[in-house]
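Thanks, everyone. Let's take a quick walk through one model. Please have the viewer open.

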Amino acid sequence: MSSSDQPRRSTGSKIVRFALVGLANAAIDFASFFLLLKLHLPPLPANVISWSIAVVFSFVANGFWSFERNQAIRLHDAFLRFVSLGALISLGVSSLSIALFSGIAGVWPAKIGGVVVAAVLNFLAARWSIEGRLMK
């Protein structure tokens, strides 16, 4: 059965799958961030590296499990879209949060706050990157 013959997932199913991947992604991001801080990397470079590790997992998991990949979008192009939007949204928001709030609230609350703020925008960005659409 080809992917076009398979029933389409509902938006609710995609949201649940995306959330589960997001939890695993956050765990990978936080674990990597923790280890990099323990290796005495400054918070902002540690954030970029931990995000980079997590984004590869997120693309694979979302591309093959959460969403129905649009085969008209080359895998390479879908990955570039996903990473570009992820950098703008996730990495941008979490880095900005660390830069602005780590001195006030601490590095971890700033990092977590940035991840939470970016979650909804990431769903729309991932859907567009992988499926080539935002709605329906």
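I'll go through the cores, then one helix, then the salt bridges, then the surface and the backbone.

A word first: this is a predicted model.

Start inside. The largest nonpolar core has 13 residues. Within this core, Phe67 and Phe82 have the most contacts. Which elements give two or more residues to this core? They are α2, residues 43-66, α3, residues 75-105, and α4, residues 107-131. The top contributor is α3, with four residues.

Stay on phenylalanine 82. Leave aside residues up to four places away in sequence. Phenylalanine 82 then touches Val55, Ser58, Phe59 and Asn62. It also touches Ala126, Ser129 and Ile130.

There is a second core, separate from that one, with five residues. Among them are Phe33, Leu36, Ile98 and Ala110.

Now α3 itself. Its buried residues include Ala78, Phe82, Val83, Gly86 and Ile89. Further along, Ser90, Ser94, Ser95 and Ser97 are buried too. So are Leu91 and Ile98. What covers them? The cover includes α1, α2 and α4. Look at alanine 99 as well: α3 bends there by about 40°. Just after α3 comes glycine 106, with a positive phi of about 105°.

On to charges. Side chains of opposite charge can pair when their charged atoms come close. How many salt bridges does the structure hold? Four.

Take lysine 14 and glutamate 68. Their closest N and O atoms are 3.2 Å apart. Lysine 14 is in helix α1, and glutamate 68 is in the loop between α2 and α3. The pair links distant parts of the chain, 54 residues apart. Are these two buried or exposed? Both lysine 14 and glutamate 68 are buried.

Next, aspartate 29 and lysine 111. Their side chains form a salt bridge at 3.0 Å, N to O. Aspartate 29 sits in helix α1 and lysine 111 in helix α4, so the pair ties together parts 82 residues apart in sequence. Aspartate 29 has a relative accessible area of 7%, so it counts as buried. Lysine 111 is buried as well, at 0%.

Then aspartate 77 and arginine 74, which meet at 3.4 Å, N to O. Aspartate 77 is partly exposed, with 31% relative accessibility. Arginine 74 is exposed, at 52%. Finally, one network: salt bridges that share partners join Lys14, Glu68 and Glu131.

Move to the surface. Val16, Leu20, Leu23 and Trp65 form a nonpolar patch there. Together they have about 410 Å² of accessible area. Helix α1, residues 11-38, supplies the largest share of the patch, three residues. Leucine 20 lies in α1. Why does leucine 20 count as partly exposed? Because its relative accessible area is 46%, and partly exposed runs between 20% and 50%.

Last stop, the backbone. Most residues other than glycine have a negative phi. Histidine 40 has a positive phi, near 70°. Where is histidine 40 found? In the loop between α1 and α2. Histidine 40 is exposed, with a relative accessible area of 71%.

To recap. The largest nonpolar core has 13 residues, and a second core of five is separate from it. The salt bridges number four. The nonpolar patch draws three residues from α1. Over to you.

Technical notes
Residues numbered from 1 in each chain as written. Predicted model: local features only at pLDDT ≥ 70, side-chain atom pairs only at ≥ 80, totals over all residues. Heavy atoms only, no water. Core = buried A, V, L, I, M, F, W, Y, C linked by side-chain atoms within 4.5 Å. Buried < 20%, exposed > 50% of the residue type's maximum accessible area, 1.4 Å probe, protein only. Contact = heavy atoms within 4.5 Å. Patch = residues over 30% accessible without salt bridge, like charges linked within 9 Å, V, L, I, M, F, W, Y side chains within 5 Å. Areas by Shrake-Rupley, 256 points an atom, 1.4 Å probe, with all protein chains shown as cover. Bend = angle between axes of the 7 residues up to and from the residue.
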